[in-house]
Amino acid sequence: MQVAAGSDGIQKLLAAEAEAQRIVGDARKAKADRLRQAKAEAEKEIGAYRAEREGAYQKKIAEGSSGSQATFQRLQSETGLAVQKIQADVKAKKGEVLDMLMGYVGDVKF
């Protein structure tokens, strides 16, 4: 009788071990599935974020290129105004500078 009881206990242990292996296997499979799903969702979010940032970048480049043309025109007009101001200053002080130079040339001291 004891031999049958011992063999019945071994059978129960083997069955419990098989059940535990099945449960662990199912848990590992479920974990792998969750990781695969999380990775797919993360890649999807990364793709959407990358597309959004690329769109913003392209928009900024488009604004910058039209902005650079406007900046070029603004700088060109500012430069033209600065040159005109310098030329006006030269005309205004030309006589004064010539008189001063002629005074130094005519007034030689030894």
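## Helix content

Helices (H or I, at least four residues) and strands (E, at least two) are DSSP runs, numbered from the N terminus. On that basis, residues 32–59 are 100% helix and 0% strand. The C-alpha atoms at the two ends of this stretch are 40 Å apart. UniProt lists residues 32–59 as "coiled-coil region" in an unreviewed entry. UniProt positions follow the numbering used here, feature names are shortened, and annotations may be inferred rather than shown by experiment.

The protein chain as a whole has one helix and zero strands. Helix α1 covers residues 2–106.

## Basis of the model

This is a predicted model, in which local features need pLDDT of at least 70 and side-chain atom pairs count only at pLDDT 80 or more, while totals for chains, interfaces and linings use all residues. Residues are numbered from 1 along each chain as its sequence is written, and side-chain values use heavy atoms, with hydrogens and water left out.

## Overall dimensions

The C-alpha trace of the protein chain spans about 145 × 40 × 10 Å along its principal axes. Its radius of gyration is 45 Å, whereas a compact globule of 110 residues would have one near 13 Å. The radius is taken over C-alpha atoms, and the globule rule is 2.2 Å times the number of residues to the power 0.38.

Q37 is found in helix α1. Q37 and K91 are 54 residues apart along the chain, and their C-alpha atoms are separated by 79 Å.

## Surface and charge

Of the 110 residues of the protein chain, 0% count as buried. Buried means under 20% relative accessible area, exposed over 50%, and partly exposed in between (1.4 Å probe, protein chains only). Q37, at 49% relative accessibility, counts as partly exposed.

The accessible surface comes to about 10,300 Å², and 62% of it belongs to carbon and sulfur atoms. Areas come from the Shrake-Rupley method with a 1.4 Å probe; for residues, only the protein chains shown count as cover.

The chain carries 19 positive and 16 negative side chains. Lys and Arg count as positive and Asp and Glu as negative; His and the chain ends are not counted. The centres of the two sets lie 1 Å apart. Each charge is placed at NZ of Lys, CZ of Arg, CG of Asp or CD of Glu.

## Salt bridges

The whole structure holds five salt bridges. A salt bridge is a side-chain nitrogen of Lys or Arg within 4 Å of a carboxyl oxygen of Asp or Glu. E19, R22 and D26 are linked in a network of such bridges. R22 pairs with E19, their closest N and O atoms being 2.3 Å apart. These two residues are three apart in helix α1, so about one helical turn separates them. R22 also meets D26 in a salt bridge, at 3.0 Å from N to O. D26 and R22 lie four residues apart in helix α1, about one turn of the helix. The three members of the network have similar labels: R22 is partly exposed at 44% relative accessibility, E19 is partly exposed at 36%, and D26 is partly exposed at 42%.

Another of the bridges joins R36 and D33, with the closest N and O atoms 2.6 Å apart. R36 and D33 are three residues apart in helix α1, so they too are separated by about one helical turn. R36 counts as exposed, at 54% relative accessibility. D33 counts as partly exposed, at 34%.
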